[in-house]
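Please look over the structure below before reading the report. The notes after it are meant for a reader who has not met this structure.

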2 protein chains.
Amino acid sequence: MAHETGDVEREILVVIPLFHPFTTLDAIGPYEALHMIPRVTMQFVSTREGEAVTTDIGLLQLISIASFTNLPNPHIIVVRGRPRAFIVINDTALIDWLKKAHITSTYTTSVCTGALAGLLEGLTATTHWEPYGNLAAYGAIPTETCMSFNGESRMSFLLQCIVLGPTSRHGKIITSAGISSGIDMALHLITLLKGEEVAKMVKLLIEYDPQPPYDVGAPSKAGEELVEKTRQFSEYFINTLPAN
Amino acid sequence: MAHETGDVEREILVVIPLFHPFTTLDAIGPYEALHMIPRVTMQFVSTREGEAVTTDIGLLQLISIASFTNLPNPHIIVVRGRPRAFIVINDTALIDWLKKAHITSTYTTSVCTGALAGLLEGLTATTHWEPYGNLAAYGAIPTETCMSFNGESRMSFLLQCIVLGPTSRHGKIITSAGISSGIDMALHLITLLKGEEVAKMVKLLIEYDPQPPYDVGAPSKAGEELVEKTRQFSEYFINTLPAN
């Protein structure tokens with residue numbers, strides 16, 4: 001099985017491409033889980049080395065260590081979302097880099113609306129529930145099935161993650177749902193890369209034993225009225241953001 | 001009940017004090033949940049206005065908007081953790097500000113090792129499971145009980161959160177467990193501040209429907225062997241960090 005291929009000793013470079021504006025937790029969930037692992041190096045990359053890219057409300061900056069040109073072949077790519085829309089497919093520097101880097105990557109992953117524009121043609125995928133219906137416009141097949149390691153599938157309106165075996169181009173893409181789901185995705189990714197024990201240690205170290213109030217974290221659980229109100233809430237927030 | 005006091009219209013200033021080094025997700029979990037709410041303003045504060053404080057491995061900076069002196073009376077304080085130890089109690093600028101700001105705050109909260117040094121004398125509290133035994137040395141009473149809004153308590157070796165009514169000095173302190181637990185804490189806090197519906201909308205918007213692999217997110221679930229290995233794993237990570 002895929003997760004038994006994890007190799008604790010392998011040196012791994014994880015790259016998160018930066019673009020403005022971005023949703024902070026999309027990037028920081030996987031970052032927090034991955035950055036503490038021995039022989040895993042995290043880097044942010046953007047059009048210019050040393051660039052500081054700010055988050056949606058401008059209080060937080062991620063520092064780019066390299067330009068796209070200088071970091072063409074990471075093992076792992078984590079594309080995270082932005083609040084306004086899908087990745088702008090005419091952000092050519094990003095998309096060109098992503099398409100090339102994906103050829104040699106071990107895994108190419110997305111969180112939320114970072115759903116891999118241009119890589120998902122004909123493939124099943126997921127994203128944040130709000131733009132979920134847009135996936136098809138990007139050539140992807142929206143799926144409601146979360147495939148787990150043991151081959152079971154779980155049906156829900158939106159899945160939290162898709163993990164497929166690493167045996168095909170499709171199989172090396174992992175897409176995950178909205179914002180917070182990047183933490184779950186990262187634990188699956190760590191299993192694939194470093195094995196189950198390392199993933200368990202990371203989970204314990206970040207004390208990820210979720211016990212949130214209210215079982216409304218997915219549209220199917222929230223019900224139509226709350227979903228509609230949340231769309232309006234989201235729209236209000238997006239309208240308060242500074243322009244690109 | 002406490003959560004029925006939420007006032008959607010109230011203007012609220014949430015302040016996260018900065019110090020180096022810090023654990024990123026401690027701050028970003030609550031930040032992500034809180035920053036999208038109308039009439040909630042998030043600010044980072046440190047010794048110098050405009051200061052950029054970097055995270056543990058130096059790839060990420062939070063930008064201080066104000067100095068401690070200039071922002072003495074926030075409604076909400078979120079003290080997050082750092083990887084090496086508890087807040088250094090001789091960081092006098094921070095501790096002096098915290099003690100004064102706590103007098104007028106509506107809620108004073110902590111995530112992980114941000115466990116409110118100097119404010120917890122004689123009070124029940126929690127923190128990340130690793131330094132949990134140290135709470136007593138800071139005058140606090142470690143508790144294994146998570147008090148939920150409806151008055152039920154849940155026993156476990158480490159709790160995910162403590163939420164008490166806002167009717168006493170004790171009651172306005174919320175401490176939460178390790179790193180990722182700040183997201184859960186923030187949802188409780190939003191309920192107290194803005195009411196249950198806003199908290200539900202935030203939960204849905206960040207698609208917080210956790211479905212991580214492995215039920216080992218707390219020491220009681222992980223078992224002794226994994227806990228011990230995780231301590232060593234953590235020690236290794238801490239030793240790779242740049243010096244303060």
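The report covers the interface between the chains, one pair of helices and a single helix.

## The interface between chains A and B

This is a predicted model. In it, 74 residues of chain A are in contact with 75 residues of chain B. The two chains bury about 6,900 Å² between them, and 65% of that area lies on carbon and sulfur atoms. On the side of chain A, Leu59(A), Glu207(A) and Tyr214(A) supply 13% of the area buried against chain B, more than any other three residues.

## Helix α6 of chain A against helix α4 of chain B

Helix α6 of chain A runs over residues 224–240, and helix α4 of chain B over residues 196–205. Their axes come within 9 Å and cross at roughly 80 degrees. Angles of 65 to 115 degrees count as roughly perpendicular, so α6(A) is roughly perpendicular to α4(B).

From α6(A), the residues in this contact are Leu226(A), Val227(A), Lys229(A), Thr230(A), Phe233(A) and Ser234(A). They meet Glu197(B), Val198(B), Lys200(B), Met201(B), Val202(B), Leu204(B) and Leu205(B) of α4(B). By type, the residues of the contact divide into 8 nonpolar, 2 polar and 3 charged.

## Helix α1 of chain B

Helix α1 of chain B has 12 residues, 24–35. At 1.5 Å a residue α1(B) should span 16 Å, and its end C-alpha atoms are 16 Å apart, which agrees.

α1(B) is mostly covered, with 12 of its 12 residues buried. Among the buried residues are Asp26(B), Glu32(B) and His35(B), as well as Leu25(B), Ile28(B) and Leu34(B).

Technical notes: Residues numbered from 1 in each chain as written. Chains lettered and ligands numbered in written order. Predicted model: local features only at pLDDT ≥ 70, side-chain atom pairs only at ≥ 80, totals over all residues. Heavy atoms only, no water. Axes fitted to C-alpha atoms, helices over the stretch in contact; angles between N-to-C directions. Helix = DSSP H or I, 4+ residues; strand = E, 2+ residues; numbered from the N terminus. Parallel < 35°, antiparallel > 145°, perpendicular 65-115°, else oblique. Contact = heavy atoms within 4.5 Å. Nonpolar A, V, L, I, M, F, W, Y, C, P; charged D, E, K, R; others polar. Expected span 1.5 Å × (residues − 1). Buried < 20%, exposed > 50% of the residue type's maximum accessible area, 1.4 Å probe, protein only. Buried area = accessible area lost by both parts, 1.4 Å probe.
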